[in-house]
Amino acid sequence: MHKMLEFQAVVLAAGRGSRMPDVGGRVTKCLLPVGPYPILWYSLNMLEKVGFQETLVVVLDEDKSNISNALEKCPLKIKYELIDIPSDEDWGTANALKYISNRITTDLVIVSGDLITNINLNEVLNLYRKHDAALATLFFDNGPEEWLKLPGLPNKSKPDRDLVCIDEETQRLVFLASASDFEGTVSIPKLLIKKFESINMYSRLLDAHVYVMKNWIISYLIDADRFISIKGELIPLIIKKQLSKPKNALEKKGTSEKNVEIFKDIFYYAVHQGYESKIMKMSAYNDHKLGSKPVYCNDILRCYAHIADKSTFGIRVNTLSAFCLSNKKIMAKWEELTGAPMTDRIHPNSEVTTKQIDDTSTVGEKSMISEKTSIKSTFIGANCTIENKVRLSNCILMNNVTVREGCVLQDCIVYTGATLDSNCSFQYCIIGPHHLVPSNTTGVHQLYAETTDNMITLG
């Protein structure tokens with residue numbers, strides 16, 4: 001494995017999990033368990049596999065200690081530095097990037113802390129290198145969303161969709177917008193149609209939130225000082241600017257009385273260094289079939305998109321559906337994701353006396369599982385206690401959960417510190433953090449949390 005020197009990696013893991021159900025308490029999204037490890041581990045493991053030896057990880061200051069403790073227990077060789085940002089400030093991803101800008105000295109790879117994928121990231125890096133791009137992005141073509149019967153309250157909200165236009169011939173990413181920005185009709189700039197003759201529009205691609213970008217974009221981000229979101233604002237603007245050319249001196253606006261430019265346009269930062277422009281003019285290389293047009297159509301800004309092969313596993317764990325689906329699939333995809341078979345499916349420091357636990361279940365550190373217990377396709381965190389005559393099927397139990405004798409759980413999520421007293425029976429339920437469920441409680445599709453009147457019964 002070669003050492004990655006030309007790029008710095010930044011993992012953005014300060015998301016508050018706003019699309020997850022509010023069940024009370026503070027649950028750090030990047031520490032939610034997928035299989036035996038927290039979500040954040042998978043992003044770091046992906047970077048490690050491609051050759052990164054160190055990375056910056058942006059987290060909320062109130063979560064830093066918990067994240068540090070959790071990662072210390074995970075198998076990682078990559079060195080990571082946790083950089084905390086204020087929890088009481090409503091910062092977007094662009095704000096976080098500006099905050100660490102003085103640490104960025106090379107071109108940059110930005111990765112979302114909720115990404116789980118088996119892709120070889122070199123596929124995206126090589127696309128960026130090949131075209132000396134300003135920006136390269138990653139999308140997954142997973143087809144229609146898998147339908148899952150979810151625990152808890154019904155959720156009628158539709159998944160966010162992007163409208164993505166990619167030139168089939170060159171892989172140029174030429175248009176990106178949220179589908180919610182349009183009401184029935186989508187208008188594409190005429191100049192775009194003239195410039196690229198084989199554009200495909202997609203509405204079901206999953207944006208991996210993996211961005212490879214030039215170092216100068218950070219300088220532009222700082223000086224512009226008007227962006228909050230990388231995905232929602234910065235990336236679409238860079239893509240749109242591909243259709244523009246730098247203004248000449250007479251066209252420039254925004255100068256002071258002393259003719260000093262107040263704000264520099266993005267092209268001020270995207271200048272070619274050295275002999276790059278001369279080499280491009282002399283080159284016989286052509287990135288398109290229409291030879292009458294110059295290489296790259298003389299575009300200074302060039303954005304590209306890599307659509308991963310359909311066989312690639314890729315998911316962002318930012319919704320309840322994605323959380324459940326990732327746990328459902330993680331064991332089958334384990335060797336593809338990590339490159340090695342899973343060892344210690346049952347932590348050596350746990351005490352598991354039952355023989356009725358299948359190969360698709362895991363047990364965390366210092367958990368105790370009693371003898372007369374049946375466990376199928378269930379992930380049990382650390383310091384959990386499962387008493388006799390308990391049956392668990394397709395469940396996710398986080399750390400410090402207690403399940404008393406005689407409980408039966410199917411397709412449930414039990415958050416950290418919750419206790420289920422004896423003889424409870426639940427199907428498709430969510431039990432919130434540190435919640436105590438009285439004995440003999442039964443429920444189907446219910447939410448138990450401190451922020452409710454103990455129970456919400458669905459109609």
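Buried here means under 20% relative accessible area, a cut-off worth keeping in mind for the views below. The model shown is a predicted one.

**Close-up 1. Tyr37 and Trp41 meet as a tilted aromatic pair.**
Both partners lie out of reach by the cut-off above: Y37 is buried, and W41 is buried too. Their rings sit 4.5 Å apart, centre to centre, with 40° between the planes. This pair belongs to a set of 11 aromatic pairs in the structure. Look a little further and you will find Y42 and W334, which join Y37 and W41 in one aromatic cluster.

**Close-up 2. Helix 1 is mostly covered.**
This view follows residues 39–50, where 11 of the 12 residues are buried. Among them are I39, L40, W41 and Y42 towards the start of the list, and M46, L47, E48 and V50 towards its end. S43, L44 and N45 are buried as well. Just after the helix comes G51, whose phi is positive, near 120°.

**Close-up 3. Seven strands make up an open sheet.**
Read across the sheet, the strand order is 5-4-1-6-12-8-13, and the pairing is mixed. Which strands stand at the edges? They are strand 5 (79–85) and strand 13 (303–308); each has a single partner strand, so one side of each is left without a neighbour in the sheet. From one strand to the next, the twist averages 25°.

**Close-up 4. Strand 1 and strand 4 run in the parallel sense.**
Here residues 7–12 of strand 1 pair with residues 54–60 of strand 4 over 3 bridges. For a handy place to start, pick L12: its bridge partner in strand 4 is V58.

**Close-up 5. Helix 2 lies across strand 4 and strand 5.**
The helix spans residues 64–72. Its direction is at about 165° to strand 5, which is one of the two edge strands of the sheet.

**Close-up 6. Thr137 sits in strand 8.**
Strand 8 covers residues 135–140. Is T137 buried or exposed? Its relative accessible area is 1%, and the cut-off for buried is under 20%, so T137 counts as buried. Leaving aside residues up to four places away in sequence, T137 touches V124, L173, V210, Y211, Y304, A305 and H306.

Notes
Residues are numbered from 1 along each chain as its sequence is written. This is a predicted model: local features need pLDDT of at least 70, side-chain atom pairs count only at pLDDT 80 or more; totals for chains, interfaces and linings use all residues. Side-chain values use heavy atoms; hydrogens and water are left out. Two strands pair if DSSP finds at least two bridges between them. Helices (H or I, at least four residues) and strands (E, at least two) are DSSP runs, numbered from the N terminus. Axes are lines fitted to C-alpha atoms, for helices over the stretch in contact, and angles run from 0 to 180 degrees between N-to-C directions. Contact means heavy atoms within 4.5 Å. Rings of Phe, Tyr and Trp (its six-membered ring) pair if their centres lie within 6.5 Å; planes under 30 degrees apart count as stacked, over 60 as edge-to-face and the rest as tilted. Buried means under 20% relative accessible area, exposed over 50%, partly exposed in between (1.4 Å probe, protein chains only).
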